[in-house]
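Reader: Could you walk me through one charged spot in this model, up close? I'd like to hear who pairs with whom, and how open those side chains are.

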Amino acid sequence: VFGPRGALLATASSDGDSASAAELIAVLSAIAKVPLNQSIAITGSSNQHGQMQPIGGVWAQFPRMVRDIAVAEGKSVRVEMDGASTELDRTIIEAIKDPLTHLVRNATGHGIETPAARRAKGKPEEGCLSLRAYHEGGQVNVEISDDGAGIDTKRVLEKGLQMGLVT
């Protein structure tokens with residue numbers, strides 16, 4: 001679970017095993033080649049020079065993309081969107097479009113299990129991918145979550161060892 005400014009708040013896996021937040025951040029950052037514990041500051045008033053647009057414009061592509069990935073992988077996934085009318089500056093929307101798409105693809109392809117695996121865990125066969133945007137404390141928060149298996153910390157650690165990022 002990532003919180004404000006990309007801070008890792010908690011981790012979980014299907015078997016209940018977890019790694020320390022610092023270890024997981026280091027390994028995931030190195031694998032993804034992205035500093036997960038750092039933020040990108042965008043300064044200036046969102047109304048001053050930019051054009052405000054609802055985030056729903058970016059989200060509109062996700063249901064079809066999720067459906068296509070789910071069909072290709074034999075999964076059933078429902079997409080829920082809350083706050084599609086939340087407005088952001090056009091430049092910010094352009095900056096987050098690709099990362100949001102990547103997160104949605106990963107959640108669908110890697111996070112949500114097949115119907116058989118979900119059934120074996122006592123979950124409904126249909127997985128749920130949730131997109132939520134809202135204003136809080138002068139900021140806009142965008143959350144992407146799924147009811148899948150979570151981050152398999154053992155697998156992340158193994159990948160980190162293979163890449164020589166962890167000793």
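**Around arginine 132**

Author: Arginine 132 makes a salt bridge with glutamate 143, and their closest N and O atoms sit 3.4 Å apart. That contact ties together distant parts of the chain: arginine 132 belongs to strand β4 and glutamate 143 to strand β5, with their positions eleven residues apart in numbering. Bear in mind that this is a predicted model.

How open is glutamate 143? Its relative accessible area is 33%, so glutamate 143 is partly exposed. Arginine 132 comes out at 33% relative accessibility, so it counts as partly exposed.

Arginine 132 has another acidic partner, too. It forms a salt bridge with aspartate 82, where the closest N and O atoms are 3.8 Å apart. Here again distant parts of the chain are linked: arginine 132 lies in strand β4 (residues 127–136) and aspartate 82 in strand β2 (residues 77–82), 50 residues apart. With 47% relative accessibility, aspartate 82 counts as partly exposed, because the cut-off for exposed is over 50%.

Then there's the ring contact. Arginine 132 also lies over the face of tyrosine 134, at 4.0 Å from the ring centre. So what does arginine 132 touch in this account? Glutamate 143 and aspartate 82 through salt bridges, and the face of tyrosine 134. As for rings pairing with rings, the count comes to zero aromatic pairs.

Stepping back a little, side chains of opposite charge can pair when their charged atoms come close. The model has twelve salt bridges in total, and one worth setting beside the arginine 132 pairs is that of arginine 118 with aspartate 147, whose closest N and O atoms are 2.8 Å apart. This pair also links distant parts of the chain: arginine 118 is in helix α5 (residues 115–120), while aspartate 147 is in the loop between β5 (139–146) and α6 (153–162), 29 residues apart.

Is arginine 118 buried or exposed? At 0% relative accessibility, arginine 118 counts as buried. Its partner aspartate 147 has 30% relative accessibility and therefore counts as partly exposed. These two are also part of something wider: salt bridges with shared partners join Glu113, Arg118, Lys121, Lys123 and Asp147 into one network.

Technical notes: Residues are numbered from 1 along each chain as its sequence is written. This is a predicted model: local features need pLDDT of at least 70, side-chain atom pairs count only at pLDDT 80 or more; totals for chains, interfaces and linings use all residues. Side-chain values use heavy atoms; hydrogens and water are left out. Rings of Phe, Tyr and Trp (its six-membered ring) pair if their centres lie within 6.5 Å; planes under 30 degrees apart count as stacked, over 60 as edge-to-face and the rest as tilted. A charge sits over a ring if NZ of Lys or CZ of Arg is within 6 Å of the ring centre and within 35 degrees of the ring normal. A salt bridge is a side-chain nitrogen of Lys or Arg within 4 Å of a carboxyl oxygen of Asp or Glu. Helices (H or I, at least four residues) and strands (E, at least two) are DSSP runs, numbered from the N terminus. Buried means under 20% relative accessible area, exposed over 50%, partly exposed in between (1.4 Å probe, protein chains only).
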